[in-house]
Amino acid sequence: MSRMTSIIRKTNVQCEGHAHISRSISCSHPPALDPIRALVAVTASSSVFTITDKTPESTPCSEASSHDVQYEFVTESNCAFKNKTTVTTTHCLCAIVRAVATTNPELCLYTMRSSTIERWVDDMLTAGLVDAAYATTDGTGKEKEQKEAVEQFASNVEEQLDKSKYLVGRTVTAADVVVSVVLAEAARRTGVVLGERTTALVDFILNNPTVRGALLDGASALD
């Protein structure tokens, strides 16, 4: 899965005077919504975002295959003083993480070091961890390549945790939540053994009651 930043905007005529806004997140591979579900849960923003297993309507990259995980974040807003609805669509996971994590800033999951948080998410995407965790590899011949990528990323995480308790300093941020959920599944599927500090972080995040509940809800939605 490559870095995806494509944004599509369009407007339609709508009844004047009705203020409305909705935000929905979907994915080509519904299990890959788990890190988003976890982040929505820990930011107490379930009333703000609708997570749906509906397949994204548009594809951000013409080279993307059915094996690639594709996210879609659609915001539909209608101002009470205008007669049009604006629909914004993005396929960028960093943008989704930013939108969710900043919904309730009082929870401090998106700190002043926001660029570092996004770098971890972006590096995770660039390394192909989301695909390694959730995409189908049957017949693609990517198994060895994906395992090596997961090992390298896990090594980078372990190195960072040698310096600080969490990925971005002294407190849990959105990076810890998203990376832990994805890395845990990628390591499980590829057979990669995580380092001691990385295992401790992943266990801490995944055993949090709020995160655990969100992941169980995701599993139930797939049944």
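Buried, in these notes, means under 20% relative accessible area. I'm working from a predicted model, so that goes down before anything else.

**Overall layout**

I started with the secondary structure and found eight helices and five strands in the protein chain. Reading along the sequence, I get the pattern β-β-α-β-β-β-α-α-α-α-α-α-α. Of the 223 residues, 43% are buried. I also looked at contacts with a separation of 6 or more, and 77% of them link residues 24 or more positions apart. For the surface, I have about 11500 Å² exposed, with carbon and sulfur atoms supplying 49% of it.

**Strands around E2**

Next I followed strand E2, residues 20–27. It runs antiparallel to strand E4 (residues 71–78), and eight bridges join the two. In that pairing, Cys27 stands opposite Tyr71. E2 also pairs with strand E3 (residues 50–51), this time in the parallel sense and over two bridges. There I see Ser24 opposite Thr50. Put E2, H1 and E3 together and they make a right-handed β-α-β unit.

**Helix H1**

Is H1 mostly buried or exposed? Seven of its nine residues (34–42) are buried, so the rest of the structure largely encloses this helix. I noted the buried ones as Asp34, Pro35, Ile36, Arg37, Ala38, Leu39 and Val40. Just after H1, Ala44 takes a positive phi of about 50°.

**The core**

Then I went looking for the largest nonpolar core, which has 57 residues. Tyr71, Leu93, Met124, Val130 and Leu167 have the most contacts inside it. Helix H6 (residues 174–190) gives the largest share of this core, 10 residues. In soluble globular proteins, nonpolar side chains tend to be buried together.

I picked Leu93 to see who its neighbours are. Leaving out residues up to four places away in sequence, Leu93 touches Ile36, Tyr71, Val121, Met124, Leu125 and Val130. Ile36 is one of the buried residues of H1, and Tyr71 is the residue opposite Cys27 in the E2–E4 pairing.

**Cysteines**

How many disulfides does the whole structure hold? My search turned up zero. Why is Cys94 not in one? Its closest cysteine sulfur, in Cys92, is 4.9 Å away, which is too far for a bond, because a disulfide needs the two sulfur atoms within 2.5 Å.

I checked burial for two of the cysteines as well. Cys94 has a relative accessible area of 8%, so it is buried. Cys27 comes out at 0%, so it is buried too.

Methods
Residues are numbered from 1 along each chain as its sequence is written. This is a predicted model: local features need pLDDT of at least 70, side-chain atom pairs count only at pLDDT 80 or more; totals for chains, interfaces and linings use all residues. Side-chain values use heavy atoms; hydrogens and water are left out. A nonpolar core is a set of buried Ala, Val, Leu, Ile, Met, Phe, Trp, Tyr and Cys residues joined through side-chain atoms within 4.5 Å. Buried means under 20% relative accessible area, exposed over 50%, partly exposed in between (1.4 Å probe, protein chains only). Helices (H or I, at least four residues) and strands (E, at least two) are DSSP runs, numbered from the N terminus. Contact means heavy atoms within 4.5 Å. Accessible areas come from the Shrake-Rupley method with a 1.4 Å probe; for residues, only the protein chains shown count as cover. Two strands pair if DSSP finds at least two bridges between them. A crossover is right-handed if, with the strands pointing away from the viewer, the path from the first strand over the helix to the second runs clockwise.
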